[in-house]
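This briefing goes through a single protein chain, from its overall layout to selected residues. Please keep the sequence and the model in view while reading.

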Amino acid sequence: MKSPILNSFTIVAVLALAACASTRTQQAPGEYVDDATITTKVKSALIANPVAQAHQIEVETFRGVVQLSGFVDSTQERETAQMVAAHVAGVKSVHNNLEVRTEPHTAGAALDDSVVTTRVKSALVANPVTKARQINVATADGIVQLSGFVDSATEKSTATEVARAVPGVRLVQNDLETKPAP
């Protein structure tokens, strides 16, 4: 009599553990929380640093790998952001995809860039292959930077094609990374 109950309990326990396990592209709940904490700590450290322009820097984390992206005004800001992120507890490595802006940024250019960014994000949401919530979009002078961690090489290349088709995009810099295996 106890054997069927014990077998049922064992099956339920195994299924529950399997549901909490991570896969190559999906994080277990604990991993997701850890990465969210690291992202928050990196953003806070960037804000606290007087050199890093934290409001211009996007931060993504996947299994302890931090990706910095966006456009900054100097090489010093780029290098400082890398150093600050690398010193945050829990960071395994930093992929610094920050680009140094080469042209002065005017109010009109900023407005044009924000329109392009919005259009690219909308196009990514509308595309069935791309998971827009995984993709950060930044634009400077019509150059669109895509960053974040995606599930596949197909999703990465499709994101480039989608962004290129948006009016106002001069160039697409694809810094998306395929999620690494656990």
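Along the sequence, the secondary structure of the protein chain follows the pattern α-α-β-β-α-β-α-β-β-α-β. That comes to five helices and six strands. The model is predicted. Of the 182 residues in the protein chain, 42% count as buried. Among contacts in the protein chain with a separation of 6 or more, residues 24 or more positions apart account for 67%.

**The sheet of S1, S2 and S3**

- Three strands make up an open sheet with mixed pairing, in the order S1-S2-S3.
- S1 and S3 are the edge strands, each pairing on one side only.
- Direction ignored, neighbouring strands of this sheet are turned by 10° against each other on average.
- S1 (residues 57–62) and S2 run antiparallel and are joined by six bridges.
- Two residues lie between the strands in the hairpin of S1 and S2, where Arg63 takes a positive phi near 55°.
- On the other pairing, S2 and S3 (residues 93–100) run parallel, with eight bridges joining them.
- The chain passes from S2 to S3 through helix H3 (residues 75–86), and this β-α-β crossover is right-handed.

**Strand S2 in detail**

- S2 covers residues 65–72 and is mostly covered, with eight of its eight residues buried.
- Val65, Gln67, Ser69 and Phe71 point one way from the strand, while Val66, Leu68, Gly70 and Val72 point the other way.
- Both of these sets are buried, including the polar-named positions Gln67 and Ser69.
- Ser69 in S2 stands opposite Glu58, and its bridge partner in S3 is Asn97.
- Val65 has Ser93 as its bridge partner in S3.

**Helix H3**

- H3 packs on the sheet and touches S1, S2 and S3.
- The direction of H3 makes about 165° with that of S3.
- The 12 residues of H3 should span 16 Å at 1.5 Å a residue, and this agrees with the 17 Å between its end C-alpha atoms.
- Which residues of H3 are buried? They are Glu77, Thr80, Ala81, Val84 and Ala85.
- Seen down the axis of H3, these buried residues fall within an arc of 130°, so they line one face of the helix.
- An α-helix has 3.6 residues a turn, so residues three or four places apart point the same way.

**Helix H5**

- H5 (residues 153–164) has 12 residues, which at 1.5 Å a residue should span 16 Å.
- The end C-alpha atoms of H5 are 17 Å apart, in agreement with that expected span.
- The buried residues in H5 include Glu155, Thr158 and Ala159.
- Thr160, Val162 and Ala163 of H5 are buried as well.

**Val137 in strand S4**

- Val137 lies in strand S4.
- Its relative accessible area is 7%, so Val137 is buried, the cut-off being under 20%.
- Leaving aside residues up to four places away in sequence, Val137 touches Thr117, Val120, Lys121, Leu124, Val144, Gln145 and Leu146.
- Gly70 is 67 residues from Val137 along the chain, and the C-alpha atoms of the two are separated by 8.1 Å.
- Gly70 is one of the buried residues of S2.

**Gln134 in a loop**

- Gln134 is found in the loop between helix H4 (107–126) and strand S4 (136–140).
- Is this loop residue, Gln134, buried or exposed? With 7% relative accessibility, Gln134 counts as buried.
- Gln134 touches Ser147, Gly148, Phe149, Val150, Asp151, Glu155 and Lys179, not counting residues up to four places away in sequence.
- Among these contacts, Glu155 is a buried residue of H5.

**Val115 in helix H4**

- Val115 lies in helix H4.
- Why does Val115 count as partly exposed? Its relative accessibility is 35%, and partly exposed covers values between 20% and 50%.
- Val115 and Thr139 are 24 residues apart in sequence, and their C-alpha atoms are 9.2 Å apart in space.

Note on methods: Residues are numbered from 1 along each chain as its sequence is written. This is a predicted model: local features need pLDDT of at least 70, side-chain atom pairs count only at pLDDT 80 or more; totals for chains, interfaces and linings use all residues. Side-chain values use heavy atoms; hydrogens and water are left out. Buried means under 20% relative accessible area, exposed over 50%, partly exposed in between (1.4 Å probe, protein chains only). Helices (H or I, at least four residues) and strands (E, at least two) are DSSP runs, numbered from the N terminus. Two strands pair if DSSP finds at least two bridges between them. A crossover is right-handed if, with the strands pointing away from the viewer, the path from the first strand over the helix to the second runs clockwise. Axes are lines fitted to C-alpha atoms, for helices over the stretch in contact, and angles run from 0 to 180 degrees between N-to-C directions. Contact means heavy atoms within 4.5 Å. The expected span of a helix is 1.5 Å times one less than its number of residues. The arc is that of the directions from the helix axis to the C-beta atoms.
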